[in-house]
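Work through the exercises below with the model open. Try each task before reading its solution.

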Amino acid sequence: MTDNGEFDIIRRYFACSNRQPRRDVLLSIGDDCAITEIKPNRRLAMTTDTLVEGTHFLPTISPADLAYKAVAVNLSDLAAMGAEPAWLSLALTMPNIDHQWLTEFSQSFFAILDHYNVELIGGDTTKGKLSLTITAHGLVAKEKILCRHNAKVGDWIYVSGTLGDSAAGLDLLLKQMPIENADQQYLLQRHLRPTPRVLMGMELAGIANAAIDLSDGLISDLQHILDRSQCGAVIELDKLPLSEQLLRQYPPEQALQFALAGGEDYELCFTVSEPQREKMERTLKYLGVAYHCIGQIRANKQLQFTQHHQPVEVTVSHGFDHFSEK
């Protein structure tokens, strides 16, 4: 083994955390498998995401931003299930060994793990085109799991935060525009460093009927709930939460397109029955995260839109799909 080999990379950058290990991790990095403990009446939620250079992130992204976002998008999946994040594994493929890059990447990687009390328990390193595969594990009470298939007719549809900011940030990057003001910086950071709504997801568990995180755009992701729940919905365009920064930088029509189909906001979209609305409001009151009611689940299996209380036709590009025809 050389000083710059696979195991040296693991030892120097990914097995050197100073944080106190989680008590439910019995065996971690250093063996063929990690061993964890699950308490009775808890269920294991698992999610895997692969990020490939040129497909999911631009070659110009900083290693610190890449590490943060790679973790955040996986924690967002756990949040959509109402799960508490616990453990994570990382498979990292690199074209070569760059110690400065690895230092910045690993520092940011462990910073977000520590913030959410998540422990790295294993993974792999290989040589090739830059890509990352993360598998994240979370824990959720068996009777409180949030799913896509449980939306009920009459449920109110909510989203957290604001929509379209990440798509606008990506637009700025793709146009290679100089970041000249605070609004543009805000939009850029919303793309590079989305906030996974972990606490909100955990609080909604047992209250909301269905949930999903907004990775591919509101229309595409909400449609997943409707398809799985065999129902339809009406969305009030006037009620879509758009940030002041987005509206100052883009015309209303473009801002609306970003909100409906832009993707990568990683906000939560969830449905709540009328009897549970008051409990939800009490529960979320102290989180400090904005949320907005944008529509309602209907019996017909169509996604419809209104504006100023009148039906309207909405034409947008589809959400992100790896294998769609261009």
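**Exercise 1.** Which residues form a nonpolar patch on the surface?

Solution. The model is predicted.
- Step 1: Leu-26, Leu-27 and Ile-35 form the patch.
- Step 2: Together these residues have about 250 Å² of accessible area.
- Step 3: Place Leu-26 in strand β1, residues 25-27.
- Step 4: Exposed means over 50% relative accessible area. Leu-26 has 52% relative accessibility, so Leu-26 counts as exposed.

**Exercise 2.** Classify the ring pair of Trp-101 and Phe-105, then locate the two residues.

Solution. The structure holds 6 aromatic pairs.
- Step 1: For Trp-101 and Phe-105, the ring centres are 5.0 Å apart and the planes stand at 10°.
- Step 2: Planes under 30 degrees apart count as stacked. The Trp-101 and Phe-105 pair is therefore stacked.
- Step 3: Both residues sit in helix α3, residues 99-115. They are 4 residues apart, so about one helical turn separates them.
- Step 4: Trp-101 and Phe-105 are both buried.

**Exercise 3.** Do the same for Phe-105 and Phe-109.

Solution.
- Step 1: The ring centres of Phe-105 and Phe-109 lie 5.8 Å apart, with planes at 15°, so this pair is stacked.
- Step 2: Phe-105 and Phe-109 are 4 residues apart in helix α3, so they too are separated by about one helical turn.
- Step 3: Buried means under 20% relative accessible area. Phe-105 is at 0%, so Phe-105 counts as buried. Phe-109 is also buried, at 0%.

**Exercise 4.** Which residues form one aromatic cluster?

Solution. Trp-101, Phe-105, Phe-109 and Phe-110 make up the cluster.

Methods. Residues numbered from 1 in each chain as written. Predicted model: local features only at pLDDT ≥ 70, side-chain atom pairs only at ≥ 80, totals over all residues. Heavy atoms only, no water. Phe/Tyr/Trp six-rings, centres within 6.5 Å; stacked < 30°, edge-to-face > 60°. Helix = DSSP H or I, 4+ residues; strand = E, 2+ residues; numbered from the N terminus. Buried < 20%, exposed > 50% of the residue type's maximum accessible area, 1.4 Å probe, protein only. Patch = residues over 30% accessible without salt bridge, like charges linked within 9 Å, V, L, I, M, F, W, Y side chains within 5 Å. Areas by Shrake-Rupley, 256 points an atom, 1.4 Å probe, with all protein chains shown as cover. Salt bridge = Lys/Arg side-chain N within 4 Å of Asp/Glu carboxyl O.
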